[in-house]
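Reader: Please take one part of this model and examine it closely. I should like a single connected account of how that part is put together and what surrounds it.

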Amino acid sequence: MEKGFPEELIDEVKDGNNIVDVISEYIQVTSAGSSYKALCPFHNEKTPSFVINREKQIYKCFGCGEGGDVIRFIMKIENLDFVEAVKILADRANIEIKNEESSKEVNKHIKEKNLCYEINRKAGLYFYNNLTKKSNPALQYLSNRGLNRKTLASFGLGYAINSWDNLINYLQNQGYNLEDIQKCGLIRPGKKSGHYDYFRNRIMFPIFNVRGNVVGFGGRVLDDSLPKYLNSPETKIFNKSNILYGLNFARKNISNGQIILVEGYMDVIALNQAGFKNAVASLGTSLTKYHGKVLKKYCDEIILCFDGDAAGSKATMRSINILNEVDCNFKIMVLPEGQDPDDFIKINGAEKFKEQIKNSMSLIDYKIFLAKSMYSGNTMDEKVKLARKISEIIKSIKSPIEKEGYIEKASSETGISKESIKLEVYNNFKDIHFKRKNNNKYSSNYKRNNKYIELVPLMEQKGHIIAEKQLIKFMIIDNKTIKYILNKVSEEDFSVHSHQKIVEYLYNNVENTNKNHIEQSLPQFKEVINEILLTDIEHIELDKTLEKYIINLKRYKLLYDIKKLEEEQISITKDSNLTKEEVESKLLDIGMKIMKKNAEIQKLNA
């Protein structure tokens, strides 16, 4: 009893109030590694010397010496006594304080809980001795799973032998009565008379609260009996919806501000033995909001690491929903199909598991990963379905910048144009407006004849238009080169209209490439022909660079075609005479054409 409140209530109040969150409501705090810093609210200072330790849930000012826990902070900042501070924090955490309880009732409650802790501790030692003192099937199973003796001792693993009354007899010999043992959930009354052991022929996992008290047990069968896992029933000290297995270890071993959330006991234990002591698991139940709040209290980021199967994916999505509700930061680690964390480490080692942690996905990336798994085919239909599914996912993103980034990514991965994906994302086929940078330049020589010039930004336009001129000049002045080049390209590979016409003439007049003859046949392009013949080609070794010229030529033409198709898409979306279905159909057709052209570009780049 501490100043009129039971110790359990004080612990509950502290657990329900993350000291970083509470102090942040009064002063501005900033992250500093695993701790937080601030200007001390209790004395004047210019350099922060007020440090908050999230793991230990305490604060300390190295300027004035003030320090303590969350209750002490509220007492000091609000100028309250202990009782008032506890009541404020209890109210903040929605914890009920029953004022009508007499000291006698409180003392009785505390005594009963302490007795449960004591009986559970004795039962845990009994199970541990059963496991370690002589050979047995449980020890053989755990050894086969690769657990060493140190790990068995650290987690207090045990063995409930295949007997109906061994634990009853042991605890009674220790001086405990049947009623108290039953209140701890270790035995049950028989249908007609007597009692029997609740756990039989099972590997035993003691379940600790954050303060290291044994509050219950989990038991795993050694045969095909059901249920495979059995937890203690709810008692005065045990509620499986409020307990995270392994948190008593993890809270002291937070790594990089992260806690790894896994599915079961063995995952936690295997990771711990491999050096990842910041792993926890829920107790055979879905994650709860309370679990989420507790995790948020102890870490900056949660790494979800469930089994690599369909059940693991479902558990991941359920947990994601809970963590979102309590505003937790999290990422998702994806394991290979059919593997759990223990399997992965045994096959790949601890270093690879560290890499998996680093490569954990954001929620959006994980949803896209699942979509790609669902639509993994290479057919056009599968790619369209994938693009639509990804578009649905992108809709949920609030940040416009992040949304644009994922639209770009979706386009590159599916081959569907950005404009089509934008239409799916924004779901508006009449009023959508696409913002484009107004950085297109015009050339005085091609204002009328060259629509391409209007579409390509200046830096791109200069390079490949010069390349087109150089290639045409080689064909005009070198009779040996012209036939070779024309075997590689056609007039359609050139982007500039006048260049196309000149190449078309050359193709039909290979033996007559005299400048005068070309100008007589194409008088409207006389100025262009003169510019081409003035283009510098002295520094070019054509035999070494011709292939590169041709690839670039084809590539830029394909890019030009894609831009024209994208313009056509925009025009379709603004056509008020079309129905939504007609718009979708036309956009899909154009999207297919863009996909094919992107595929051609990929072949050129290969």
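Author: A residue is called buried under 20% relative accessible area, exposed over 50% and partly exposed in between, using a 1.4 Å probe and protein chains only. Helices (H or I, at least four residues) and strands (E, at least two) are DSSP runs, numbered from the N terminus. The model is predicted, so local features need pLDDT of at least 70 and side-chain atom pairs count only at pLDDT 80 or more, while totals for chains, interfaces and linings use all residues. Residues are numbered from 1 along each chain as its sequence is written, and side-chain values use heavy atoms, with hydrogens and water left out.

The account starts from strand 9. Because seven of the seven residues of strand 9 (residues 202-208) are buried, this strand is largely enclosed by the rest of the structure. Arg202, Met204, Pro206 and Phe208 point one way from strand 9, whereas Ile203, Phe205 and Ile207 point the other way.

Strand 9 belongs to an open sheet of four strands in the order 6-9-10-11, with antiparallel pairing; two strands pair if DSSP finds at least two bridges between them. Strand 6 and strand 11 (229-231) stand at the edges with a single partner strand each, so one side of each has no neighbour in the sheet. On average, and with direction ignored, neighbouring strands of the sheet are turned by 35 degrees against each other; axes are lines fitted to C-alpha atoms, for helices over the stretch in contact, and angles run from 0 to 180 degrees between N-to-C directions.

Strand 6 (residues 158-160) is joined to strand 9 over three bridges, and Gly158 has Met204 as its bridge partner. Towards strand 10 (residues 214-221), strand 9 forms seven bridges. Phe208 is bridged there to Val214, and Ile203 stands opposite Arg220. Five residues lie between strand 9 and strand 10 in their hairpin, where Gly212 takes a positive phi near 90 degrees.

Two helices complete the picture. Helix 6 (residues 137-144) lies across strand 6, strand 9 and strand 10, at about 70 degrees to strand 9. Helix 11 also packs on the sheet, touching strand 9, strand 10 and strand 11, and its direction makes about 75 degrees with that of strand 9; contact means heavy atoms within 4.5 Å. Helix 11 (residues 265-273) is mostly covered, with eight of its nine residues buried, among them Tyr265, Met266, Val268 and Leu271. After helix 11 comes Gly275, with a positive phi near 105 degrees.
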